[in-house]
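Trainee: Could you walk me through this model before I set anything up with it?
Mentor: Gladly; let us have it in front of us and take it topic by topic.

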Amino acid sequence: MAVIETAEKMLPAGLRPVGGRTLRMLAAVLTERGEKATAQRMALTAFSIRILSAALAFVSQIVLARLMGEYEYGIFVFVWVLVVVFGDLSCLGFHTAIIRFLPQYRAAGAFEEIRGLTGTARIFALLSGTVVLAAGMLGLHFFGDMIQVYYLVPIFIGLLAMPMIALGDILEGTSRANHWPVMALSPVYIVRPILIILFMLIAIAIGAEHTAVTAMQAALVATFVTALGQYAATLYRLRRHYDEGPRKVDFLAWFSVAFPIFLIEGVSFLLTNSDVVVVGIFLEPHNVAIYFAAAKTMALVHFINFSVKAASGPRFSSIIAEGDHAQLATAAIDAARWTFWPALGVGLVVLAAGHLLLSFFGGAFTSGYLVMAILLAGILAKSLVGPAETLLMMAGKQNLCVALYAGALTANVSLNLALIPHYGIEGTAIATASAMAVEAILLHVAVRGTLGIVLFAFASPSTATTEMRVR
């Protein structure tokens, strides 16, 4: 309180009322106990990490674009997006199933189940990632002549990273379930981008060419170093919290929840990244580079939704376990507000500086400014319902989410196929933004119909609670 009072006195007189309230609210978030305060602290921590990671990702992409040029950079980002997408999908939903089960086991003191769950998930991720790696290699062998020759070697290198990407996702889910946001987010979103640039610069310094192949080699080494370091740190912390002891494995029960989650998040992840993939299939690498630079710049807004989602999952799971429907409605509305208003503010700032930001990649990249404006409209539409998909998954509505996301993905791909031939990368942006709006509408209707919650950034918790009681 002394620090807060001192800070208030340092503010100009006109700012003291608003500034004082903001400081006291921040102090409450940092010091209060309870699920809501814990979720807010986790969201604040995740938000801070994502700000740093967004800046690092932005800078790293600029460095890579400058080092390689538009053409080679376009090859690299297309292949790397494919690698990350299929690496994440190879977990088959276990990284989110951990967030679903671990808080409930911890509340019940079921440490045997926790040890069994976390250990089984790690082994499963390594095995499934290896299966995807083998399938990819067979695909290259039998269908390599159908792929553009400049993609073949980068894809081969990227496939080798599959098991480590899957393991990293499992470790991230384990840390999120335990409310360890720094350990959850730092490896993939801070450490790995730094290492990719570092290894790329080292490779060039010893004589490697400025190509996508060199960049993929740097990314492969960075992925292994990051995942193995994250594994050691997470395992150490798990043993400190839960000690060594017997393990209880209920694989079928976990997989019965994980697989529907995989379908949901798989379709959602494909929905998020399908634009880059479709552009890479139909357009030349330099078009991929320009679109990706514009999308990556506007992705500075996406980290807000990610941060709130990271904090909301464990909170929703705990509230659902307690059976407090009124508190669940309030938490859902809070999450939507925490998503929309920061997204609006950050989005407008990023758009205002769009030409400058794109020029950092190179002179040709400024042609992607219209893409940024179109994508922002879609991001804001999605942010109106906050982490609605997380709420539905934690409430056991996985199958419904699969259908919703399948519809949104179908709309996205169909619009891309219709618009790209006529409008190029702007057509891709329109298709992606439209799919985000469709996704938001479907999620709003689904939450209202199944849980009785009017999930909307401008809705009042009292309205949502009343509707739930009537149901």
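**Contacts, cores and helices**

Mentor: Keep in mind that this is a predicted model, and begin with its contacts: among those in the protein chain between residues at least 6 apart in sequence, 79% join residues at least 24 apart.

Trainee: What does the secondary structure come to, in helices and strands?
Mentor: The protein chain has 18 helices and zero strands, and buried residues account for 55% of its 471 residues.

Trainee: And what is the mean pLDDT?
Mentor: The mean pLDDT of the protein chain is 84, with 87% of the residues reaching 70 or more.

Trainee: Which elements have the lowest and the highest mean pLDDT?
Mentor: The lowest belongs to helix 18, residues 461-470, with a mean of 48, while the highest belongs to helix 15, residues 369-383, with a mean of 94. Over residues 466-471 the pLDDT is below 50, and in the model this stretch has 13 contacts beyond near neighbours in sequence.

Trainee: Switching to the interior, how many residues has the largest nonpolar core?
Mentor: That core has 141 residues, and those with the most contacts inside it include Tyr 73, Phe 76, Tyr 291 and Met 298, together with Leu 391, Ile 453 and Leu 455. Its largest share, 19 residues, is contributed by helix 3, which spans residues 35-89. Another core, of seven residues, lies apart from it, and among its members are Ile 49, Ala 184, Tyr 189 and Phe 306.

Trainee: Now helix packing: at what angle do helix 8 and helix 9 pack?
Mentor: Helix 8, residues 181-205, and helix 9, residues 212-242, pack at an angle of about 145 degrees, and their axes are 8 Å apart. The crossing in which helix 8 passes helix 9 is right-handed, and the residues of their contact divide into 17 nonpolar, five polar and two charged.

Trainee: What about helix 4, is Thr 96 buried or exposed?
Mentor: Thr 96, which lies in helix 4, residues 94-108, counts as buried because its relative accessible area is 6%, under the 20% cut-off. Not counting residues up to four places away in sequence, Thr 96 touches Ile 261, Glu 265 and Met 394.

Trainee: Then Ala 97, which residues is that one in contact with?
Mentor: Ala 97 is also found in helix 4, and, leaving aside its neighbours within four places in sequence, Ala 97 is in contact with Trp 254, Ala 258 and Ile 261. Ala 97 and Ile 261 are 164 residues apart in sequence, yet their C-alpha atoms are 7.4 Å apart in space. As for burial, Ala 97 is buried, with a relative accessible area of 0%.

Trainee: So where does Leu 92 lie?
Mentor: Leu 92 lies in the loop between helix 3 and helix 4; although Leu 92 is not a glycine, its phi is positive, at about 55 degrees. With a relative accessible area of 22%, Leu 92 is partly exposed, because the cut-off for buried is under 20%.

Trainee: One last spot: how far apart are Gly 424 and Phe 282 in space?
Mentor: From C-alpha to C-alpha they are 9.3 Å apart, although Gly 424 and Phe 282 are 142 residues apart in sequence. Gly 424 is found in helix 17, residues 398-451, and, neighbours within four places in sequence left aside, Gly 424 is in contact with Leu 283 and Leu 419.

Notes
Residues numbered from 1 in each chain as written. Predicted model: local features only at pLDDT ≥ 70, side-chain atom pairs only at ≥ 80, totals over all residues. Heavy atoms only, no water. Axes fitted to C-alpha atoms, helices over the stretch in contact; angles between N-to-C directions. Helix = DSSP H or I, 4+ residues; strand = E, 2+ residues; numbered from the N terminus. Left-handed = near helix turned anticlockwise from the far one by under 90°. Nonpolar A, V, L, I, M, F, W, Y, C, P; charged D, E, K, R; others polar. pLDDT = per-residue confidence, 0-100. Contact = heavy atoms within 4.5 Å. Core = buried A, V, L, I, M, F, W, Y, C linked by side-chain atoms within 4.5 Å. Buried < 20%, exposed > 50% of the residue type's maximum accessible area, 1.4 Å probe, protein only.
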